[in-house]
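Colleague: Walk me through this chain, please. I want the terms set against their cut-offs.

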Amino acid sequence: MPGIRDARRAGDFAAVIHPHATNREAKHEPPACRGTGPEAFYATALWLRSAFADLRWEIHDEVASADLVVLHTTMAGRQVGPFVSYDEDGRVAQAMPSTGREFATTQTHWFRVAEGRITEHWANRDDLGLARQLGWVPPTPRYLARMAMAKRRAQRAAQ
């Protein structure tokens, strides 16, 4: 059985994600990510992979207690596409155009598990560290203009 780190295709997610699993982090992700089950988690993977190449997680620590598993990780990759975030109504909130830069930032992922599969996920991430490494902050005037254009493109694509 593949682990969540190894899941690459939609079918791989069914082996590790419960049909009723929820991702608490999906509220700022595209609408396709906000459902439940393997399809929603796969949509999150596609969303991340559309912005970041060579995406990988190094696991530093793991702790399990009862039905809870916690992973302290470093997520690393390179931004190759716009990173688009969404508001609670599923509309494009922000678009950060690609910088081509590499990044490595720490995260802690929390998983509730039942029947051998993930039923719930939430995370703590160093989003400011990610933004600094990718050159999103502090934004230059040129980058602000690129952000506005990227947001417009993302809004058109979402219609």
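What follows is a short exchange on the fold and one pocket.

Modeller: This is a predicted model, where local features need pLDDT of at least 70, side-chain atom pairs count only at pLDDT 80 or more, and totals for chains, interfaces and linings use all residues. Residues are numbered from 1 along each chain as its sequence is written, and side-chain values use heavy atoms, with hydrogens and water left out.

Colleague: How many helices and strands are in the protein chain?

Modeller: Four helices and seven strands. They are DSSP runs, numbered from the N terminus: helices are H or I with at least four residues, strands E with at least two. The order along the sequence is α-β-α-β-β-β-β-β-β-α-α.

Colleague: Why is the protein chain called as compact as a globular protein of that length?

Modeller: The radius of gyration is 16 Å, close to the 15 Å from the globule rule for 159 residues, so the chain earns the description. The radius is taken over C-alpha atoms, and the rule is 2.2 Å times the number of residues to the power 0.38.

Colleague: What share of the residues count as buried?

Modeller: Of the 159 residues, 42%. Buried means under 20% relative accessible area, with a 1.4 Å probe and protein chains only.

Colleague: What makes up the lining of the second largest pocket, by class?

Modeller: Nine nonpolar, one polar and one charged residues. Ala, Val, Leu, Ile, Met, Phe, Trp, Tyr, Cys and Pro count as nonpolar, Asp, Glu, Lys and Arg as charged, the others, Gly among them, as polar. The lining includes Trp47, Ser50 and Arg153.

Colleague: Which element gives the most to that lining?

Modeller: α4, with five residues.

Technical notes. On a 1 Å grid over the protein atoms alone, a cavity is a set of points where a 1.4 Å probe fits but cannot get out, and a pocket is an open set with protein on both sides within 12 Å along at least five of seven lines; lining residues have an atom within 4 Å of a point. Buried means under 20% relative accessible area, exposed over 50%, partly exposed in between (1.4 Å probe, protein chains only).
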